[in-house]
Amino acid sequence: LEKALLASPPPIVPDLVEKGWRLLPAARDFPVDWAILLENIMDPDHGLFAHGQVGFDLYSASADAPQTVVEEVTEDGGWIVKSTVDAEYKLLELNKKLVGAKTKHEETTKTGFLTFVAPSFVYYCRRDKESGETSFITSFYITPTGTGRSRFMTAVIYKAPFKLPRWVSIIGINNFVDQDTFLLATQQQHVLGYEAEAAKKMTKNDDPVTFNSRVRRTHYSYRSPSEKLAVRLGAFWDATLSRAPNRVAALKKYDSTAPLPPRTVVLDRETQHLAICPESQSLVRNCAFVEKWSRAVLWSSLAAKAYVTIAARGAWAVRVDAWLRPTVLIWTCLVSSVARNLAQRLRKEYYFKYTSDLRDRDLTNIPKVWRDKK
């Protein structure tokens, strides 16, 4: 506790010292190593193919729009690396040239910024070249919870006159990260396998503080203009990961030949998010309540109408029958059915969802952003 109190405070997005910002946070546990997860977050090239999102291309680089990387060592020995690039489409324009389509280049007024504050904080945004202002920032804290495990904490930071409900962000994030998390889990088997080999070769004379595994230097192939930052990040991981508490000991026991857990485990939203988020638990309970009572209202209304129509007699039956006139009954059935359906769909977002069929469906979207032929 004393060391923690004396340590430097956690890094934050500098813009947050100003008023007017709103945050939409989300959290999820992953069976993926924090270093691998951070490499993925800081790789803009993967966005077109893993997510089908053209916005990632604004942070990619090319020969005509190179990535500039600047490193900084802080007074307390911390390491910060920043990349900047013109926020314009590069891969999309390259693809147009490759397939013979008409290209269009316009000078951009914005710069794409990506900042990594070691060992686990990332944020990126686009800023006006003249004023340096931005209205939208995405930030991440990726915390190691063990070798091959991490807690993913993210926040969408924006300026707007209204605040969106948090569940909107959570559902969007869960659907988004499901698209490539299983891919990262398959990558992890190899990367941690190489790290395990290096750890097993360490001798008693090797100091974890100075040990360099050279895993990424040896096995990664950096070829994209967008990977200047990735090269520096890879060198950082090679030189420092052995210092993470208990990592070397865990790697020496790591079995890279063990079968990969199925998608239902790797992408299980219930254990990875719902179990750690009380707000989501409350929402799921409310959805279950709506499902239960909308069903009860629907069937009780139909039963009451049937009873007073067929069997009931007396003034009360006449009043009930009059109240449950066809228009009321139709609207009751409609509202109850819609409420139950929406609550059920919302509740299901907090459990395993991303099946192989959904993955295959998303794969068909890749040609919409990257065409192989005319």
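**Pockets, cores and a hairpin in the predicted model**

About 1,200 Å³ of space lies in the largest pocket of this structure, which is a predicted model. The pocket is lined by 37 residues, and those closest to its centre are Gly78, Val117, Ala118, Pro119 and Ser120. Two or more lining residues come from each of the strands E3, E4 (110-117), E5 (121-128) and E6 (136-146), as well as from helix H7; E6 makes the greatest contribution, giving five residues to the lining of the pocket.

Enclosed space was examined as well, and the structure holds two cavities of 30 Å³ or more. The largest cavity has a volume of about 100 Å³, and among the 13 residues that line this cavity, Glu195, Phe211, Ser213, Ser242 and Leu251 lie nearest its centre. The elements that supply two or more residues to its lining are the helices H5 (166-200), H7 (228-240) and H8 (247-252). Helix H7 is thus named for the lining of the largest cavity and also for that of the largest pocket.

Strand E3, one of the elements that line the largest pocket, spans residues 79-86 and pairs in the antiparallel sense with strand E2 (residues 68-73) over six bridges. Within this pairing, Glu72 has Ile80 of E3 as its bridge partner. The two strands, E2 and E3, form a hairpin with five residues between them, and in the turn Gly77 has a positive phi of about 90°.

The packing of nonpolar residues was then considered. The largest nonpolar core comprises 42 residues, of which Phe116, Phe152 and Trp237 touch the most other members. When residues up to four places away in sequence are not counted, Trp237 touches Trp34, Ala35, Leu38, Glu39, Phe116, Pro119 and Arg216. Apart from the largest core lies another core, of ten residues, which includes Tyr123, Cys125, Ile137 and Ala155.

Ile137, one of the members of this ten-residue core, is also touched by Asp15, whose other contacts are with Trp21, Arg127 and Thr134, again not counting residues up to four places away in sequence. Asp15 is found in the loop between helix H1 (2-6) and strand E1 (22-30). Because its relative accessibility is 10%, Asp15 counts as buried, the cut-off for that class being under 20% relative accessible area. With Arg127, the contact of Asp15 is polar, as the side chains of these two residues are joined by a polar contact of 2.7 Å.

Key
Residues numbered from 1 in each chain as written. Predicted model: local features only at pLDDT ≥ 70, side-chain atom pairs only at ≥ 80, totals over all residues. Heavy atoms only, no water. Pairing = 2+ DSSP bridges. Helix = DSSP H or I, 4+ residues; strand = E, 2+ residues; numbered from the N terminus. Core = buried A, V, L, I, M, F, W, Y, C linked by side-chain atoms within 4.5 Å. Buried < 20%, exposed > 50% of the residue type's maximum accessible area, 1.4 Å probe, protein only. Contact = heavy atoms within 4.5 Å. Polar contact = N/O pair within 3.5 Å; in protein donor to acceptor, adjacent residues only side chain to side chain. 1 Å grid on protein atoms, 1.4 Å probe; cavity = no way out; pocket = protein on both sides within 12 Å on 5 of 7 lines; lining within 4 Å. Points joined across faces, edges and corners; volume = space filled by probe spheres on them.
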